[in-house]
There are 2 protein chains.
Amino acid sequence: MFCCRRDVRRSRLLNSVKLFTCMLFASAMWTATVAKAEVQTQTIVYQDGDVMLEGFLAFDTKVRPAGTKAESGKPGVLVVHQWMGLTDYERRRCRQLAELGYIAFALDIYGRGVRPADTGEAAEFSGKYKSDRELYRRRLNLGLEQLRKADNVAKDQIAAIGYCFGGTGVIELARSGAEVNGIVSFHGGLDSPSPDDGANIQAKVLVCHGADDPFVPKADVESMIAEFDAHDVDWQMNVYADAVHSFTQPMAGDDNSKGAAYNKKADLRSWDAMRVFFHELFAAKPAD
Amino acid sequence: MFCCRRDVRRSRLLNSVKLFTCMLFASAMWTATVAKAEVQTQTIVYQDGDVMLEGFLAFDTKVRPAGTKAESGKPGVLVVHQWMGLTDYERRRCRQLAELGYIAFALDIYGRGVRPADTGEAAEFSGKYKSDRELYRRRLNLGLEQLRKADNVAKDQIAAIGYCFGGTGVIELARSGAEVNGIVSFHGGLDSPSPDDGANIQAKVLVCHGADDPFVPKADVESMIAEFDAHDVDWQMNVYADAVHSFTQPMAGDDNSKGAAYNKKADLRSWDAMRVFFHELFAAKPAD
C-alpha cells in the first residue's frame, strides 16, 4: 500500500511539472496573474441611480467546483454583508469561495464609503433597509446583476449567501423572485413581513441557525416555515447547539451572554453544509 | 487551458497504469478478496443470556474513509434498525457505509428470527423496548461490543446511526454512557423519559428530522434539546421540508398523508450530512 502512495506522489509531481510547463505557455494568452494560480480580486463600482455602490469580486481561474461542467462557465455566489457593511469579513468569504472554484461577488447595500462607525449606526443603517424591503430588494438585485455580468459566470448557476442582516437579505432576494438556484442564510433575521411573497421564491433554501440566538424569536422561525410551506419552498434548516447570533464571525468575540459570539464548531459545520448544498445545486452528478 | 486539461487526463491515465501495476504487486501480500475491491459481509451470531441475536457486518478492506489514518484501524459504524427489525434495508445501509470505507455492523435488538409480521406487531415489539429502556440499552451495548470486536475496527473511532425506532436507540445508547464518538438519529423518536441520563452522553449528536413528522411531537423535540443543553451535549439538528416519518425508507411509499413516507431529497441530504459529520469525527484534518 505504501508503494502505491509513493507512486501517486511521484505522478502528482509529474502532473505539477507538466501543468507548470503548460501554464507558462498558457500565460502568454492569459495574464501573468493566472499562472500564479492564486485568487484574483477586483473592486467593482456600480450604481443605484445616483448612489455609488462598491462591491468586491473574487475568482480563481485554475479551479472549479467538483462535479461542475466547464461548458457554460462557473457557478457564481453572491455574498450579502452583515450590518457593518462590506468589510474584510465578506472579502475573506469571497476568497474562500474562489478557492473552492466559485466566482464570488460581495455586493454593497449601503453605498460606497458608507460604513457604520459603531453598532448603533449599524442598527440604524440596517434598519433603514429592513424597514424598506423594496429598497433592500432593489439593492440586492443590483448586486446580483453585477455577479451575472462577471466574466465566465454561468448565468443559470447562481447562489446567494448572507450573514446576519445579509442572512435576512438573501431570503428577501428570493422573495423578490430573483432567479437564483439556492440561498444560504447564516444567523439571519427570519421575519416574514410579507409572507405572500413566498410565492415568488424559486431558490432552494438552507437556513443555518444558532439554537440560542436571542435575536431571532421562535415565532419568526415558525412564521418563516409557515410561509415556505404555504408556497412549497424547498427548504432545510440546520440548528447548532450553543450558538448565538453571529456564530460565523470571529469579530463577535466569544461571550455568548452578549447574544452574539463566534462559535467555531457552528462556523465550520455551517460552511460544510453550504458546500454540500452547493454541490447539490451545481454538480452534474449527485454522487460524484 | 484545454491544453492543461488534456495533460492532466494523460497523467491521470499514467497514474492509473502505475496504480494498477502496483496493486498487482500489493495483491500478493494481501488476499485475493482484497484485489476484488468488493464489499464483504458476514452474519454474526451473538447472545444476550439465552437469547440468540443475529447481526450483519459489512466492510471493504480496500477502501477507507477520506482523511482517516491507517495506524489504528478503521472507523466503525453501528446501525440500529427500525421497528421491523434487521432487514434488507439495514443491510443496504451497511454496504453503503462499507463502500465509504467504514466497518459497519447492523445489530439485532429483537432476537434471531424474531421479526414482526406487520406494523401491528412492529409497534408491539418496538414498544417492548421503548418501555423498557434498560433492556433496550443492554441490547444496544451488546451490538456495540460486537462491532468493537470486528477485525481492524479502531476502538476509539465509533459512530452509531439509527432509523425510526433505531433513531431513538442511538440516543439511548448515548444516554447509557457508551463510548461512541458520534450518533446520527434519522427520523427517530426523540422523547426523553429519563432526561437526567443526558449527563452520561459523551457522543456528538446529529438529529435528522422531518419538518412534518407527525409521530415526533414538538414537545419531544424541545425536551430533548433541553436535556442536551442541560448537560452540554454537542448537538446539531437538521430539519427537512416536506418530510414526514421514515423519510429515508423507500418501502414507506410516497404518501405523506399517512405520516410516514419516503422523501428522496431528505434521504440524500441527511446521508450527506452524516458523511460530513463522520468526516468531522474521524478525519485527521478538517480541511482534507
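These exercises work through a predicted model, each with a stepwise solution.

**Exercise 1. Helix H4 of chain B**

Task: Find which residues of H4(B) are buried, and where they sit around the helix axis.

Solution:
- Start with the extent. H4 of chain B covers residues 119-130, twelve residues in total.
- Check its length. From first C-alpha to last it reaches 16 Å, close to the 16 Å expected at 1.5 Å a residue.
- Pick out the buried residues. They are B:Ala122, B:Phe125, B:Ser126 and B:Tyr129.
- Look down the axis. The buried residues of H4(B) fall within an arc of 90°, so they line one face of the helix.
- Recall the general rule. An α-helix has 3.6 residues a turn, so residues three or four places apart point the same way.
- Find the packing partners. The buried residues of H4(B) pack against helix H5 (133-149) and helix H6 (165-175) of chain B.
- Finish at the helix start. There, a side-chain oxygen of B:Asp118 comes to within 3.1 Å of the backbone nitrogen of B:Gly120.

**Exercise 2. B:Gln236**

Task: Decide whether B:Gln236 is buried or exposed, and list what it touches.

Solution:
- Place the residue. B:Gln236 belongs to strand S8 (residues 235-240) of chain B.
- Apply the cut-off. Buried means under 20% relative accessible area. B:Gln236 has 8% relative accessibility, so it counts as buried.
- List the contacts, leaving out residues up to four places away in sequence. In chain A, B:Gln236 touches A:Val239, A:Tyr240 and A:Arg269. In chain B, B:Gln236 touches B:Val205, B:Leu206, B:Val207 and B:Phe277.

**Exercise 3. Three salt bridges**

Task: The structure holds 32 salt bridges over all chains. For three of them, state which parts of the chain they join.

Solution:
- Take A:Glu227 and A:Arg175. Their side chains meet at 2.8 Å, N to O. A:Glu227 lies in helix H7 and A:Arg175 in helix H6 of chain A, so the pair ties together parts 52 residues apart in sequence. Both residues are buried. They also belong to a salt-bridge network, whose other members are A:Arg133, A:Arg137, A:Glu172, A:Asp191 and A:Asp197.
- Take B:Asp48 and B:Arg138. Their closest N and O atoms are 3.1 Å apart. The pair links strand S1 to helix H5 of chain B, 90 residues apart. B:Asp48 is buried at 12%. B:Arg138 is partly exposed at 42%.
- Take B:Arg175 and B:Glu172. Their closest N and O atoms are 2.8 Å apart. The two are three residues apart in helix H6 of chain B, about one helical turn. Both B:Arg175 and B:Glu172 are buried.

Conventions: Residues are numbered from 1 along each chain as its sequence is written. Chains are lettered from A and ligands numbered from 1 in the order in which they are written. This is a predicted model: local features need pLDDT of at least 70, side-chain atom pairs count only at pLDDT 80 or more; totals for chains, interfaces and linings use all residues. Side-chain values use heavy atoms; hydrogens and water are left out. Helices (H or I, at least four residues) and strands (E, at least two) are DSSP runs, numbered from the N terminus. The expected span of a helix is 1.5 Å times one less than its number of residues. Buried means under 20% relative accessible area, exposed over 50%, partly exposed in between (1.4 Å probe, protein chains only). The arc is that of the directions from the helix axis to the C-beta atoms. Contact means heavy atoms within 4.5 Å. A polar contact is a pair of N or O atoms within 3.5 Å; within protein, one must be able to donate a hydrogen and the other to accept it, and residues adjacent in sequence count only if both atoms are side-chain atoms. A salt bridge is a side-chain nitrogen of Lys or Arg within 4 Å of a carboxyl oxygen of Asp or Glu.
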